[in-house]
Number of protein chains: 2
Amino acid sequence: MTTNMSVKSAPERILMAPGPSNLHPRVVQALIAPLVGHKDPYFLDLLDETADLLRHVFCTRNAATFALPGTGGSGMEAALINVLQPGDTVVIASAGFFAQRMVDICERLNDVNVVVVPGTWGQPVDHDVLLEAVRQHRPRAVAVVHGETSTGVEQPLAGLADSCHSVGALLLVDAVATLGGVRLPVDDLGIDVCFSGSQKCLSAPPGLAPITISDRALAAIQARRTPVQSWYLDLGLHAGLWGPDHTYHHTSPVLSLYALAEALRIVVEEGLEPRLARHCLHSAALSAGIEAMGLEQFAARGFRVPSVVTVLAPEGVSALTVRTQLLDEVNVEISAGLGEQADSMWRIGVMGHSAQRANVMLVLSGLEQVLSRYGYAPRGSGTSAAAAVYAGATA
Amino acid sequence: MTTNMSVKSAPERILMAPGPSNLHPRVVQALIAPLVGHKDPYFLDLLDETADLLRHVFCTRNAATFALPGTGGSGMEAALINVLQPGDTVVIASAGFFAQRMVDICERLNDVNVVVVPGTWGQPVDHDVLLEAVRQHRPRAVAVVHGETSTGVEQPLAGLADSCHSVGALLLVDAVATLGGVRLPVDDLGIDVCFSGSQKCLSAPPGLAPITISDRALAAIQARRTPVQSWYLDLGLHAGLWGPDHTYHHTSPVLSLYALAEALRIVVEEGLEPRLARHCLHSAALSAGIEAMGLEQFAARGFRVPSVVTVLAPEGVSALTVRTQLLDEVNVEISAGLGEQADSMWRIGVMGHSAQRANVMLVLSGLEQVLSRYGYAPRGSGTSAAAAVYAGATA
């Protein structure tokens, strides 16, 4: 075998899909710091610092706060399988692709009763129907997606934890699309297990799953009658690695953690409140531009998560083709839909370091140009409408 | 919260523990290529190339050959849980820490009968006893560790697959410590599932688990009566992501895969045979030096894996303290033992880019200097003995 001597260089993309987002130059720099061993005192100190930074971003005092060595999906699976035991019931609010993944994970478990509270894609799951299911089934756990990346919908969480705790249930929340970009005060909301991904609003490279576990949930995990079915995702073992004794469990992805720590430092330096406001601003500008062009959003008004803007493709326009054209012509990546919506909608990320005025303008102008080829006549100028939002914000 | 403005720089270590090993400068460079999305055509081409490179290094034609988004331990768990179903029996050859991890993983499974064929740490598991257990139990799978990182022992594999296949069992092999550094022709040996880690003899950053799955094993996985208990580690889903359709499963750790691909290109450019020979040479030099000093190896002669040299600490010397002194004084990392051997032995890696003459000399001279403080009088010069090996190799 000979290697291809003309290895292609990676293209420079503006990443406006809902993850991964572009990296801050300091995060890139962090990746090439010297690699040390996973038991190096320098690295163990970095684990401690990273846990502190994550606590800040999750707005929690949970001791068990760390990053799993896997993608956001590993955090989802870990949350569910550590809390659920044979004979348990779980209630899952499902109105999107990622909620359905939770159902998939739970249906693989041995003797777990999975109750799905269905909703309409593009809407949140009805809060009262969800509360009623919790009262009725008195489950071991209730699982919801905070920001559904497949639909752009934000699920209201206020009051949910009280209902869960009143029947002895733990509240698990998927914050893959929201942590660091959308308000999610874990302790104030009473969330028991909250997991995310490194590559979205935090703008670290993909491959790590930040997670935080309440003392209540950790005690429940430690009191299990049966071992967690997975050694790799056993949260008790991860808590031991990240705890004061740093008990060996796996060889940490050291460089990925360098990068995550730097990305979290940047979050803290920007300030969580200004960062959330920044996500809201660019999301509002993008939304205004989209609507000025006469395009419709998929997510219901009033329930749109700032970090993912979902847009219906006009009749006769292939969302997948337009996505490819934007990528090829202006190096801007947005996503098409997931599942049934694959070819009929776009999902545009407003996440982390990618959430910048120039990038919002590039997406809007790119869409204007490409759509004009399909005979789509925008009602108005998307970029002008976005500019007006920015002008208002600084006025 | 304010970040620590005096963030410490990572120290520059010579990584001579059994993983992670030092990165080639080209691998470092690969990490900072522009991040693209996980569905970018550039990245999908890179997946294809990486799979080809992995097939070369595994010496296999298996279509299902890829890298899991997790550490070597995720590969171990994936291999076991995909192949085993409720009611199955697994035979595990166990004479070390990592074999015992396989037992731990299997004991968590629902209704799987775990038969442990025990051995003595420092020795391979007796080949005939293992074959007899396979004949007797006719298991669904037989799991062995090729190179046991905790003991430095290489388990002989010749003939094992035939015995497994004759009773309908699949052969699973842990090559975490050996892939890319120790001879392991997967197809010739008849191995059905072989998994490894990115950070050892391949010298990519830690965080990925290369794995290859025979057509026989993949068919068995696809014919399961029950779903794989894990969504995250469902090998059928990973095969779909890495197959011609690149079906979405998770957000790939893009930058880690850039680095793995570059590390694999370097393996191919060096040539697999020269690379294996290089590992043997530096391992022989290190062993000669260790023995010239009068130190004893832990692994039995004749069964020593080239990539991990295990050395007993002399009476009255704390292996952990010496490890720390080498790290603090000369920035060289070696490992202490695992489990009961934690303070009584060292484990020295001879892996990938770290397997260099200068590094071997640094370990030997460092040990000589530190041990002299404890009144240990070496029988002879470790560095001279190692130099003699190198001189003989070039004579």
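Reader: Through which surface do the copies meet, the same one or different ones?

Author: The same one. This is a predicted model, and in it 100% of the interface residues of chain B are also interface residues in chain A, so the copies meet through the same surface.

Reader: How many residues of each chain are in contact?

Author: In general, the size of an interface is often given as the accessible area lost when the parts come together. Here we can go by residue counts instead: 60 residues of chain B are in contact with 60 residues of chain A.

Reader: Which helices of chain B supply at least two residues each to the side that touches chain A?

Author: Helix 1 (25–31), helix 2 (41–58), helix 3 (72–83), helix 4 (97–107) and helix 10 (254–270) of chain B. Helix 10 of chain B gives the largest share, with 6 residues. If you sort that side of chain B by class, you get 27 nonpolar, 22 polar and 11 charged residues.

Reader: And what turn lays chain B on chain A?

Author: A turn of 180°, with a shift of 0.0 Å along the axis, and the RMSD comes out at 0.0 Å. The two copies are thus related as by a two-fold rotation axis. To find that axis on screen, go to B:Gly70: of the C-alpha atoms in chain B, the one of B:Gly70 is nearest the axis, 2.6 Å from it.

Reader: Let's go inside one chain. Which domains does the assignment give for chain A?

Author: Domain 1 (25–268) and domain 2 (271–394). Taken over C-alpha atoms, the centres of those two domains of chain A are 28 Å apart. Their contact takes 23 residues from domain 1 of chain A and 21 residues from domain 2 of chain A. On the domain 1 side, the classes are 9 nonpolar, 11 polar and 3 charged residues.

Reader: On to sheets. What is the order of the strands in the sheet of 7 in chain A?

Author: First the general idea: strands of a sheet pair through backbone hydrogen bonds, either parallel or antiparallel. In chain A, the 7 strands follow the order 2-10-9-8-5-3-4, forming an open sheet with mixed pairing. Strand 2 (64–68) and strand 4 (113–118) of chain A are the edge strands, each pairing on one side only. From one strand to the next, the twist averages 15°.

Reader: How many bridges join strand 3 to strand 5 of chain A?

Author: There are 3 bridges between strand 3 (residues 89–94) and strand 5 (residues 141–145) of chain A, and the two run parallel. For a landmark, look at A:Val90, which stands opposite A:Ala141 in strand 5 of chain A.

Reader: What about the pairing in the open sheet of 3 strands?

Author: That one is antiparallel, with the order 11-14-13 in chain A. Strand 11 (308–312) and strand 13 (335–336) of chain A stand at the edges with a single partner strand each, so one side of each has no neighbour in the sheet. Strand 11 of chain A is joined to strand 14 (residues 345–349) of chain A by 5 bridges, and these strands run antiparallel. Within that pair, A:Val309 has A:Ile348 in strand 14 of chain A as its bridge partner.

Reader: Now backbone oddities. Is the peptide bond from A:Gly19 to A:Pro20 cis or trans?

Author: The background is that most residues other than glycine have a negative phi, and most peptide bonds are trans. The bond from A:Gly19 to A:Pro20 is cis, with omega near -5°. A:Pro20 is in the loop between strand 1 (14–15) and helix 1 (25–31) of chain A. In chain B, a cis peptide bond joins B:Gly19 and B:Pro20, with omega about -5°.

Reader: And is phi of A:Arg138 positive or negative?

Author: Positive, about 40°, although A:Arg138 is not a glycine. You'll find A:Arg138 in the loop between helix 5 (127–137) and strand 5 of chain A. With 14 C-beta neighbours inside 10 Å, A:Arg138 counts as partly exposed. In chain B, try B:Asn331: its phi is positive, about 60°, and it is not a glycine either. B:Asn331 is in the loop between helix 12 (319–330) and strand 12 (332–333) of chain B. B:Asn331 is partly exposed, with 16 other C-beta atoms within 10 Å.

Conventions. Residues numbered from 1 in each chain as written. Chains lettered and ligands numbered in written order. Predicted model: local features only at pLDDT ≥ 70, side-chain atom pairs only at ≥ 80, totals over all residues. Domains from an automatic or database assignment. Contact = placed C-beta atoms within 7 Å. Nonpolar A, V, L, I, M, F, W, Y, C, P; charged D, E, K, R; others polar. Helix = DSSP H or I, 4+ residues; strand = E, 2+ residues; numbered from the N terminus. Pairing = 2+ DSSP bridges. Axes fitted to C-alpha atoms, helices over the stretch in contact; angles between N-to-C directions. Least-squares fit on C-alpha atoms with pLDDT ≥ 70 in both. Buried ≥ 20, exposed ≤ 12 C-beta atoms within 10 Å, placed from the backbone.
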